[in-house]
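I opened this entry to look up how the aromatic rings are arranged, and then the helix and the overall shape around them. My notes follow in the order I checked things.

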Amino acid sequence: LRDVPCYGLYFLPYEVICTALTKPGQETGPLAVAFAGGTAGVVTWGCATPMDVVKARLQMDGQGGRQYRGVLHCVVASVRAEGVAVLFRGLLLNSLRAFPVNAITFLSYESLLRAMTSAH
């Protein structure tokens with residue numbers, strides 16, 4: 001439920017940012033790759049966090065009585081009780097972790113790809 005739409009969104013901001021930061025006919029530089037990769041990770045967590053919050057609430061449900069009847073009821077009840085911001089709890093911490101991790105991931109991938117293709 002969480003991974004498919006979020007990882008489908010993962011590569012879109014990466015490609016858009018790389019294209020925007022690269023002059024036509026040139027290779028994307030390492031800083032642009034790192035920035036685009038980090039941003040892609042943050043965007044992905046922005047998509048995943050609401051579903052993660054609901055998942056965690058449903059997993060904790062039942063301790064001391066059942067509170068939610070299902071996914072949709074959990075979303076509606078949570079937003080009514082705590083506002084829309086409840087769905088983004090933990091996003092800042094996830095983003096602080098996601099940016100450098102994904103920056104390094106994309107930078108490593110692009111560097112290895114260039115090294116392997118230039119060797120042939």
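I counted the aromatic pairs first and found 5 in the structure. One of them joins Tyr 10 and Phe 106, with 5.2 Å centre to centre and 45° between the planes. I note that pair as tilted, since the planes fall neither under 30 degrees nor over 60. The model is a predicted one, and I read every value here as computed from it.

Which helices hold the two rings? I find Tyr 10 in helix H1 and Phe 106 in helix H4, so the pair ties together parts that are 96 residues apart in sequence. I then asked whether Tyr 10 and Phe 106 are buried or exposed. Both are buried, which means that each has under 20% relative accessible area. I also looked for a wider grouping of rings and got one aromatic cluster, made up of Tyr 10, Phe 11, Tyr 14 and Phe 106.

Next I went to H4 itself. Helix H4 covers residues 91-118, which is 28 residues. From first C-alpha to last I have 39 Å, close to the 40 Å expected at 1.5 Å a residue. Where does H4 bend? I find a bend of about 30° at Ala 98, and a proline, Pro 100, follows within four residues.

I listed the buried residues of H4 as Asn 94, Ser 95, Ala 98, Asn 102, Ala 103, Phe 106 and Glu 110. The residue at the bend, Ala 98, is thus on the list, and so is Phe 106 from the tilted pair. For the spacing I recall that an α-helix has 3.6 residues a turn, so residues three or four places apart point the same way. What do the buried residues of H4 pack against? I find helix H1 (3-20) and helix H2 (30-60).

Last, I checked the whole chain. I count 4 helices and 0 strands, in the order α-α-α-α from the N terminus on. The radius of gyration is 19 Å, whereas a compact globule of 120 residues would have one near 14 Å. Along the principal axes, the C-alpha atoms fill a box of roughly 60 × 25 × 20 Å. I have 32% of the 120 residues as buried. Among contacts with a separation of 6 or more, 67% are between residues 24 or more positions apart. The chain exposes about 7,900 Å², and carbon and sulfur atoms supply 67% of that area.

Definitions and conventions:
Residues numbered from 1 in each chain as written. Predicted model: local features only at pLDDT ≥ 70, side-chain atom pairs only at ≥ 80, totals over all residues. Heavy atoms only, no water. Helix = DSSP H or I, 4+ residues; strand = E, 2+ residues; numbered from the N terminus. Expected span 1.5 Å × (residues − 1). Bend = angle between axes of the 7 residues up to and from the residue. Buried < 20%, exposed > 50% of the residue type's maximum accessible area, 1.4 Å probe, protein only. Contact = heavy atoms within 4.5 Å. Phe/Tyr/Trp six-rings, centres within 6.5 Å; stacked < 30°, edge-to-face > 60°. Rg over C-alpha atoms; globule rule 2.2 N^0.38 Å. Areas by Shrake-Rupley, 256 points an atom, 1.4 Å probe, with all protein chains shown as cover.
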